[in-house]
Amino acid sequence: MNNARSWLLADQPASPLQARMGRFYTSWLALSANPLALIGLAIVVLLLLSALLAPWIAPRDAVYVQNLDGRLQPPSLLHWFGTDELGRDLFARVVHGSRITLMIVALVAIIVGPLGLIIGMVAGYVGGWTDRILMRLTDIFLAFPRLVLALAFVAALRPGIESAILAIAITSWPPYARLARAETLMIRRSDFIAAAIAQGASAPRIIRRYVMPLCMPSVVIRLTLDMAGIILTAAGLGFLGLGAQPPSPEWGAMVAAGRGYVLDQWWVSTIPGIAILLVSLGFNLLGDGLRDALDPRQS
Amino acid sequence: MNEAIEVSDLEVTFGHGTKSFKAVQGVSFTVPFGQSFGLVGESGSGKSTILRALSVLVRPSGGRLQVAGGPLPLHPPKTFRRRVQLVFQDPYASLHPRHSIDRILREPLEVHGFDRREERILQSLDEVGLPRRYRYRYPHQLSGGQRQRVAIARALVLEPEILLLDEPTSALDVSIQAEILNLLSDLREARQLTYLLVSHNLAVVAHMCDRVAIMSQGKIVEVTDSRHLRTGTFTHPYSQQLWASSQGYFRDPAVLDVG
């Protein structure tokens with residue numbers, strides 16, 4: 001343990017691997033010094049675990065099997081979170097719903113992060129007309145309210161979780177492009193970029209090897225902080241009936257399904273609502289912590 | 001054809017129309033191969049801009065530039081870039097904060113497809129006097145002087161013929177300045193390099209250069225031998241003024257009134 005620590009914090013790393021691991025470890029030390037960030041991380045890990053182990057935590061059948069005799073049961077030892085209006089076990093549905101939430105979050109991040117990053121870096125580095133065209137395009141997407149554009153998109157395609165993911169991704173890349181462009185404009189004036197140009201490095205090489213590593217932290221931070229918004233938008237679309245379709249155990253759709261009983265059987269809506277709240281909070285706390293730990297301007 | 005650098009009537013303008021500013025206004029000088037030429041002047045006199053024009057980082061608005069016997073191309077090929085390298089003023093800004101020393105030195109080798117990369121990296125570390133065990137450190141783990149050594153190693157790893165030095169010591173501690181200047185002198189001798197050194201420090205230029213141009217407001221007011229620099233024999237009033245103000249550093253020893 002002590003050996004591993006001194007290896008990671010070595011003043012004179014002996015290999016590129018050790019140097020890189022050491023840098024990760026230093027960031028981890030900064031992150032783990034922040035208790036709120038650790039709570040956020042714990043929530044996100046919990047989400048990951050429950051998505052990964054869902055079939056072992058709660059049988060998949062329980063998600064869909066209806067039991068009309070036992071509908072709207074309050075939380076009990078048999079049904080930890082109670083049952084919904086069709087007698088399905090809410091615990092099983094919430095646990096399996098975490099897979100859908102995670103899928104939304106992961107797919108949106110995979111689409112939005114690289115797309116925004118590339119558009120922003122190219123606009124910022126190349127400048128001139130390329131910059132103008134790319135940024136006006138970004139402005140057009142920014143001018144639409146996110147949920148409204150997503151609604152139009154889902155309506156134009158067909159309601160469903162895939163359309164919801166696509167709609168969210170298409171409406172949420174512009175801020176990333178802006179962010180990456182602003183960072184790139186700042187980085188582009190640095191002497192180390194001038195040195196790279198003077199050495200004959202091509203523009204794609206400079207963008208990939210010099211600009212991107214410096215833009216990445218702020219994009220990752222922003223993405224983590226936006227996860228809450230993405231989850232809420234997905235849940236909102238589900239609530240409006242345009243996202244995940246029944247009987248899929250998507251949390252937003254579950255809140256919507258329970259809203260008719262919210263006064264007498266509060267748990268039907270509240271429990272998936274709490275799940276949404278917790279996961280959003282977890283991503284926000286983690287994002288805040290990452291910002292403190294990774295922000296290049298602070299080190 | 002033994003001129004390494006030929007600058008004639010160089011003009012560099014920043015901005016457009018009424019807001020434009022002529023940073024360099026008709027500057028001409030030549031530097032033969034193997035010589036060391038100094039550009040001195042106060043801040044904003046356009047000396048760094050000349051270096052940037054020579055390394056094609058800014059585009060001149062007029063005049064002619066010849067480097068290593070040929071005119072400077074608008075989009076220089078890699079082979080041309082390799083021959084002229086730059087060392088910047090601030091070693092804190094000129095090294096990529098997320099690249100290790102190894103990576104910083106490897107990048108130019110990869111761009112130019114050099115062979116024997118390991119060997120060259122180690123050799124250039126030795127040359128600038130950095131211990132080999134620093135190879136995988138990041139710039140933030142080095143001191144200012146060590147960083148400047150890395151920057152010099154990065155410039156030399158491509159085996160250039162001409163080195164453009166933009167105030168290579170002004171961001172460093174006084175005690176480190178002499179080390180870096182001596183390193184540069186030694187390297188020039190060992191590699192037969194041509195130096196174009198920009199500085200606002202007359203003493204640095206007098207120590208390093210064979211000939212010196214004194215610049216003021218985008219123009220060269222005087223080109224002189226560096227011997228004159230040491231004695232302060234100038235013809236132009238601005239040069240005399242610059243020399244006089246630099247003498248301010250060397251006050252008469254204070255007379256202690258012990259009584």
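This report describes chains A and B of a predicted model, first each chain and then the contact between them.

The model is predicted, so local features need pLDDT of at least 70, side-chain atom pairs count only at pLDDT 80 or more, and totals for chains, interfaces and linings use all residues. Residues are numbered from 1 along each chain as its sequence is written, while chains are lettered from A and ligands numbered from 1 in the order in which they are written.

## Chain A

Chain A has 14 helices and zero strands; helices (H or I, at least four residues) and strands (E, at least two) are DSSP runs, numbered from the N terminus. The C-alpha trace of chain A spans about 75 × 55 × 25 Å along its principal axes. Of the 299 residues in chain A, 42% are buried. A residue is buried if 20 or more other C-beta atoms lie within 10 Å of its own, exposed if 12 or fewer, and partly exposed in between, with C-beta atoms placed from the backbone.

Contacts in chain A with a separation of 6 or more come to 68% from residues 24 or more positions apart. Two residues are in contact if their C-beta atoms, placed from the backbone, lie within 7 Å.

UniProt, in an unreviewed entry, places the feature "domain: ABC transmembrane type-1" at residues 98–287 of chain A. The annotation "transmembrane region", also from an unreviewed UniProt entry, covers residues 28–58, 100–126, 219–245 and 265–287 of chain A. UniProt positions are given in the numbering used here, feature names are shortened, and annotations may be inferred rather than shown by experiment. The table describes the model over some of these spans.

| Span of chain A | Helix | Strand | Distance between end C-alpha atoms |
|---|---|---|---|
| Residues 98–287 | 83% | 0% | 19 Å |
| Residues 28–58 | 87% | 0% | 33 Å |
| Residues 265–287 | 91% | 0% | 35 Å |

Helix H8 (residues 146–156) and helix H12 (residues 203–239) of chain A pack at an angle of about 50°, with their axes 11 Å apart. Axes are lines fitted to C-alpha atoms, for helices over the stretch in contact, and angles run from 0 to 180 degrees between N-to-C directions. H8(A) is therefore oblique to H12(A). Angles under 35 degrees count as roughly parallel, over 145 as roughly antiparallel, 65 to 115 as roughly perpendicular and the rest as oblique. The crossing of H8(A) past H12(A) is right-handed; a crossing is left-handed if the near helix is turned anticlockwise from the far one by less than a right angle, and right-handed if clockwise. Arg146(A), Leu147(A), Ala150(A) and Val154(A) of H8(A) make the contact with Thr233(A), Gly236(A) and Leu237(A) of H12(A).

## Chain B

In chain B, helix H1 (residues 47–54) is mostly covered, as eight of its eight residues are buried. Val56(B), which follows H1(B), has a positive phi, near 55°.

H3(B) and helix H4 (residues 117–127) of chain B pack at an angle of about 125°, with their axes 10 Å apart. H3(B) is therefore oblique to H4(B), and H3(B) passes H4(B) in a right-handed crossing. Here Asp102(B), Leu105(B), Arg106(B) and Leu109(B) in H3(B) meet Arg117(B), Arg120(B), Ile121(B) and Ser124(B) in H4(B). This contact of H3(B) with H4(B) has three nonpolar, one polar and four charged residues.

Gln148(B) belongs to helix H5 (residues 144–156) of chain B. Gln148(B) counts as buried because 30 C-beta neighbours lie inside 10 Å. Apart from neighbours within four places in sequence, Gln148(B) is in contact with Pro91(B), Pro168(B), Leu172(B) and Ile180(B).

Two loop residues of chain B also have a positive phi without being glycine. Glu159(B), with phi near 50°, is in the loop between H5 and strand S7 (162–166) and is partly exposed, with 14 other C-beta atoms within 10 Å. Gln192(B), with phi of about 55°, is in the loop between helix H6 (174–191) and strand S8 (194–199) and counts as exposed because it has 9 C-beta neighbours inside 10 Å.

## Contact between the chains

In the contact between the chains, 27 residues of chain B touch 21 residues of chain A. Helix H2 (78–83), strand S6 (84–87) and helix H3 (101–111) of chain B each supply at least two residues of the side that touches chain A. By class, this side of chain B has 12 nonpolar, six polar and nine charged residues. Ala, Val, Leu, Ile, Met, Phe, Trp, Tyr, Cys and Pro count as nonpolar, Asp, Glu, Lys and Arg as charged, and the others, Gly among them, as polar.
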